[in-house]
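Hi everyone, thanks for coming. Let's take a few minutes to walk through one structure together, starting from a single residue and moving outwards.

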Amino acid sequence: MKIGIEAQRIFRKNKHGMDYVVLQEIREIQKMQTDDEYFVFVKPGEDRCVQSSGNVHVIELSCPSYPLWEQWALPRAARKYGVELLHCTSNTAPLWTDIPLVLTLHDIIFLEPRDKTNHNVYQNMGWLYRRLVVPRILPKCRKIITVSNFEKQNIISKLNIAEERMAMIYNGYNDWFRPMEDTHGVVGKYIDEEGYFFFLGNTDPKKNTERTLVAYSKYLQQSAIKRRLLMADLDADYLNGIIERNGIENIREKIVMPGYIVNSDLPYIYSNAFAFLYTSLRESFGIPLLEAMACGTPVITSNTSSMPEIGGSEAILVDPTSSDEIASMMLRLETDDDFRRRQQQVGLERATHFSWRHTAEELLKVYKAV
């Protein structure tokens, strides 16, 4: 078969979750022996992170906007190259195409009630685009893939999708995520000490940034050590608003915000952290949770959505709406050495259940079934 794979954003420098998923799937397919031919459609960008090889052809398509690229350039190119099956990997797909579709629907957060305090234009436009497109393309999809049993049941119940039309394929994590000694001084580019808390918060309400920072303030009030908090890629004005609303001025001098952290540096950041905070309100999977566990870093995560499924029953699971509960676990890790060592081992063992190789093998089974 000639199989098309939509990977529009993998060449952009600042990648996000869905970009990494399809990138790793493509890399694994390149390592595998298959009789099929693959056409990977991407938008030009500065990070040329995958090259054509053997039966995998990387096709660059220029177009000024995400919707135009997906709705016009992608189906046009798929027809040009004789694609017989088109896999769209980031929740949406072309509305008008006669090519059989497989869709990866990572989540349906865009159909859930919207936080009206979120004024991020990019996030709001993406939310609106998905609300318009997804309900119209689902009937056309031969198979709908999602990334956890939690999200699969969520999609089935809320969109009335027949279970036989669904496939669940877990994500993996890159094998360079493992316990690392920082012999190259990578951590020093971002923070000038080890033993910090690490948090990947942003302005998306589901990331629960505000409650997590309130929890950090409570931790500082009770801790004798008062570890710093490393946060990646958070807007300073957004942080100031949280501090002022909650009267938590004590966190200001303890937070380090170096901006975007490149993926290749993350194993060092995780490994040298005292603990990783993954306290989202909702996740369909949560790759950072696995990455931190694979580095032997204790993780405080949430008892909601997919996180208990991915983290396992022995993970530190807290109510993400309770800043007191988050702070209490931060303090317990600091004062109970045996508990922290157990959590390091829990994470290392749990991570062995996931791999990108397995993800790609399951994806090829879906292609063949369709």
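Let's begin with this: is His87 buried or exposed? Keep in mind as we go that this is a predicted model. His87 has a relative accessible area of 0%, so it counts as buried, the cut-off being under 20%. You'll find His87 in strand E4, which covers residues 85–88. Setting aside neighbours within four places in sequence, its contacts are Gly4, Ile5, Glu6, Glu25, Val102, Thr104, Ile145, Leu363 and Tyr367.

Please hold on to a few of those names, including Glu25, Thr104, Ile145 and Leu363, as we turn to the empty space. The model has 3 cavities of 30 Å³ or more, and the largest holds about 40 Å³. Glu25, Thr104, Ile145 and Leu363 are among the residues lining that largest cavity, along with Val21, Val147, Ile169, Asn171 and Thr359. By type, the lining has 5 nonpolar, 3 polar and 1 charged residue. Helix H1 (17–31) and helix H12 (356–369) each contribute at least two of the lining residues.

So, a word on H1. Its 15 residues should span 21 Å at 1.5 Å a residue, and the C-alpha atoms at its ends lie 22 Å apart, which agrees. The buried residues of H1 are Asp19, Tyr20, Val21, Val22, Leu23, Gln24, Glu25, Ile26, Glu28 and Ile29. What covers them? The cover includes strands E1 (2–6), E2 (37–42), E3 (56–60) and E4, together with helices H8 (287–294) and H12. And E4, of course, brings us back to His87. Thanks, everyone!

Key. Residues are numbered from 1 along each chain as its sequence is written. This is a predicted model: local features need pLDDT of at least 70, side-chain atom pairs count only at pLDDT 80 or more; totals for chains, interfaces and linings use all residues. Side-chain values use heavy atoms; hydrogens and water are left out. Helices (H or I, at least four residues) and strands (E, at least two) are DSSP runs, numbered from the N terminus. Buried means under 20% relative accessible area, exposed over 50%, partly exposed in between (1.4 Å probe, protein chains only). Contact means heavy atoms within 4.5 Å. On a 1 Å grid over the protein atoms alone, a cavity is a set of points where a 1.4 Å probe fits but cannot get out, and a pocket is an open set with protein on both sides within 12 Å along at least five of seven lines; lining residues have an atom within 4 Å of a point. Grid points are joined across faces, edges and corners, and a volume is the space filled by probe spheres set on the points. Ala, Val, Leu, Ile, Met, Phe, Trp, Tyr, Cys and Pro count as nonpolar, Asp, Glu, Lys and Arg as charged, and the others, Gly among them, as polar. The expected span of a helix is 1.5 Å times one less than its number of residues.
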